[in-house]
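Let's take a walk through this one, strand by strand. Have the viewer open and follow along.

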Amino acid sequence: MKLGLFLLTLILAGSGVQAQTIGVSTLPGTPGGSVTRNSGGAFAQSFTTDGSAAAFDLISITWKLYASGGSNSGFSLTLMANSGSNLPGEVLATLSGPTSLSGYAENVFTATNVTLAANTRYWFSGTFTSGDGDIAYYYTTGGSTGDWTLSDTATSGDGTTWFSQPSGSNTIFSVQATSAIPEPASATALLGVVVLGAVFTRRRPRVA
């Protein structure tokens, strides 16, 4: 069995099966027009993961936002599933981050134990959950960097009923995750190596 473990160690070291940062970003984009949601309103941005791993661990979401009026407190960012009509659906997690916004800045929200599936669309939404704060963002029509793809944006006047925004008017944001799980084919190959190594070790004749 020692040989099997040794071979597995060599393959893992040489194949890069380790935590690698992955995601998508529009942070380098040039700001265009702005969109404002009044008190109680919300807006959301979607992204789609790729198939480079079986699953991903979400690290953080960075979003360029600002408070445009009212009470600047109680801000919350949630990760949401995609509904059947390609709009924000079920709330999956609430990320940790600033509860108030200052100026137009990159606000970082971190995730804990949030797993994203491969080849799946997700949404993240921001709103003031208390007070009467207004929230705004600039959009960019530029491209993105990273391995994942952009999807759509949506707005809501009450935080529950969503409406699609024009295609291409993405917000300025960044999503970071790690891909620590190898693709199924890679995992199967590694398992095969371990089994073969174990069989070889057991069948090796003993020297008297």
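Two strands count as paired if DSSP finds at least two bridges between them. Keep that in mind as you look at β9, and remember that this is a predicted model.

Start with F43: its bridge partner in β9 is G126. That contact point belongs to a longer run, as 6 bridges join β3 to β9, and the two strands run antiparallel. Now look at β5. Here 7 bridges tie β5 to β9, again antiparallel, and L77 has G126 as its bridge partner in β9. So how enclosed is β9 by the rest of the structure? Largely enclosed, because 7 of its 8 residues are buried, where buried means under 20% relative accessible area.

From there, move on to the nonpolar packing. The largest nonpolar core has 30 residues, and F47, L58, L116, W148 and V175 are the ones with the most contacts inside it. Several strands feed this core: β1 (21–25), β3 (42–48), β4 (55–69), β5 (75–82), β9 (121–128), β10 (134–140) and β15 (173–178) each chip in at least two residues. Which strand gives the largest share? That's β4, with 5 residues.

Zoom in on L58 for a feel of the packing. Leaving out residues up to four places away in sequence, L58 touches L79, L95, A111, V114, L116, V175, Q176 and A177. Two of the names there, L116 and V175, also sit on the list of residues with the most contacts inside the core.

Finally, don't miss the second, separate core: 7 residues, including A42, M80, W123 and A154.

Notes: Residues numbered from 1 in each chain as written. Predicted model: local features only at pLDDT ≥ 70, side-chain atom pairs only at ≥ 80, totals over all residues. Heavy atoms only, no water. Core = buried A, V, L, I, M, F, W, Y, C linked by side-chain atoms within 4.5 Å. Buried < 20%, exposed > 50% of the residue type's maximum accessible area, 1.4 Å probe, protein only. Helix = DSSP H or I, 4+ residues; strand = E, 2+ residues; numbered from the N terminus. Contact = heavy atoms within 4.5 Å.
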